[in-house]
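Hello,

Here is the structure I promised to pass on. Please open it first, then read the notes below.

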Amino acid sequence: MTRYVEWFIMIITALLIVIWLFRAFYRWLHAPVTMNHVRLGRGGNVDPASPVVQLLEKQGYEVTSGKHIIKIPIELDDQLLEHQTRLHIDYIAEMDHCTYIVKLDKQTKPIKYTAPALRDQLLMYALVLPSCAGVIIVNEQERQLRKVSFLLSD
């Protein structure tokens, strides 16, 4: 009798593993070809004396890395353009096990706080780095932080 129970448990376990492998393969097979996620390497050094880093830490964020530059090649009519474009990330910060991209609100390129302007200026970061919980905008002059999250559905 116990021999049949052991075989039953082994068959059920094998069946669950096969279902899990099939689902993983199915997801991989149906993922878009162009879907490639950027993995951030080691960013620039973080200066603890920086006013931006101190402001973030005062608000409870832990700054984990400094400046990142993500190079993005562009094809036009199936021809690779000579020059690449780049996305600049000022800092990466964490709070409550969530990762955030930090952008500085600079006087030369001020961020407008309307839905279309935030979409045009910041949505690219949510699409390139979907594992991040949002973008923290730091206005160093006003010593103010603003958190922007894009609620994208699958």
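**Cysteines**

Cys132 counts as buried, at 17% relative accessibility. Keep in mind that this is a predicted model. Cys98 is partly exposed, with a relative accessible area of 30%.

How many disulfides are there? The count comes to 0. Cys98 is in no disulfide. The nearest cysteine sulfur to that of Cys98 belongs to Cys132, 10.0 Å away. Seen from the other side, the closest cysteine sulfur to that of Cys132 is in Cys98. At 10.0 Å the two sulfurs are too far apart for a bond, because a disulfide needs them within 2.5 Å.

**The cores**

The largest nonpolar core has 15 residues. Those with the most contacts inside it are Ile89, Ile101, Leu122, Tyr125, Leu129 and Ile137. Three elements each supply at least two residues of this core: strand E5 (85-89), helix H3 (115-128) and strand E8 (134-139). Which of them gives the most? H3 does, with 4 residues.

Another core lies apart from that one. It has 12 residues, including Val53, Tyr61, Ala93 and Ile136.

**Helix H3**

H3 has 14 residues. At 1.5 Å a residue they should span 20 Å. The end C-alpha atoms are 19 Å apart, which agrees. Even so, H3 has a kink of about 50°, centred on Leu122. Leu122 is also one of the residues with the most contacts inside the largest core.

The buried residues of H3 are Ala117, Leu118, Leu122, Leu123, Tyr125, Ala126 and Val128. What covers them? The cover includes strand E2 (68-72), E5, strand E7 (98-104), E8 and strand E9 (144-148).

**Helix H1**

Now look at the start of the chain. Helix H1 covers residues 2-29, 28 residues in total. From its first C-alpha to its last, H1 reaches 40 Å. That is close to the 40 Å expected at 1.5 Å a residue. Is H1 buried or in the open? The number of buried residues in H1 is 0, so the helix lies largely in the open.

**Strand pairing**

Strand E1 (residues 62-65) and strand E6 (residues 91-95) run antiparallel, joined by 3 bridges. In this pair, Glu62 stands opposite Glu94 of E6.

E6 also pairs with E7, again in the antiparallel sense, over 5 bridges. Here Ile92 stands opposite Ile101 of E7. Ile101 is among the residues with the most contacts inside the largest core. E6 and E7 form a hairpin with 2 residues between the strands.

**Two aspartates with positive phi**

Asp96 is found in the loop between E6 and E7. Its phi is near 50°, a positive value in a residue other than glycine. Asp96 counts as exposed, at 64% relative accessibility.

Asp78 lies in the loop between strand E3 (75-76) and strand E4 (79-80). Asp78 is not a glycine either, yet its phi is positive, at about 65°. Asp78 is exposed, with a relative accessible area of 70%.

**Two strand residues to look at**

Leu80 lies in E4. Is Leu80 buried or exposed? Leu80 is exposed, with a relative accessible area of 57%. Leaving aside neighbours within four places in sequence, Leu80 is in contact with Pro73, Ile74 and Glu75.

Arg146 is found in E9. Arg146 is partly exposed, with a relative accessible area of 37%. Which residues does Arg146 contact, beyond its neighbours within four places in sequence? They are Tyr113, Val135, Ile136 and Ile137. Ile136 is among the residues of the 12-residue core. Ile137 is one of the residues with the most contacts inside the largest core. Arg146 and Gly66 are 80 residues apart in sequence. In space they are 19 Å apart, C-alpha to C-alpha.

**Where to begin**

I would start at Leu122, the centre of the kink in H3. Then go to the E6 and E7 hairpin, where Asp96 has its positive phi. Finish at H1, with 0 buried residues.

Best wishes

Note on methods
Residues are numbered from 1 along each chain as its sequence is written. This is a predicted model: local features need pLDDT of at least 70, side-chain atom pairs count only at pLDDT 80 or more; totals for chains, interfaces and linings use all residues. Side-chain values use heavy atoms; hydrogens and water are left out. A nonpolar core is a set of buried Ala, Val, Leu, Ile, Met, Phe, Trp, Tyr and Cys residues joined through side-chain atoms within 4.5 Å. Buried means under 20% relative accessible area, exposed over 50%, partly exposed in between (1.4 Å probe, protein chains only). The expected span of a helix is 1.5 Å times one less than its number of residues. The bend at a residue is the angle between axes fitted to the seven residues ending there and the seven starting there. Contact means heavy atoms within 4.5 Å. Two strands pair if DSSP finds at least two bridges between them.
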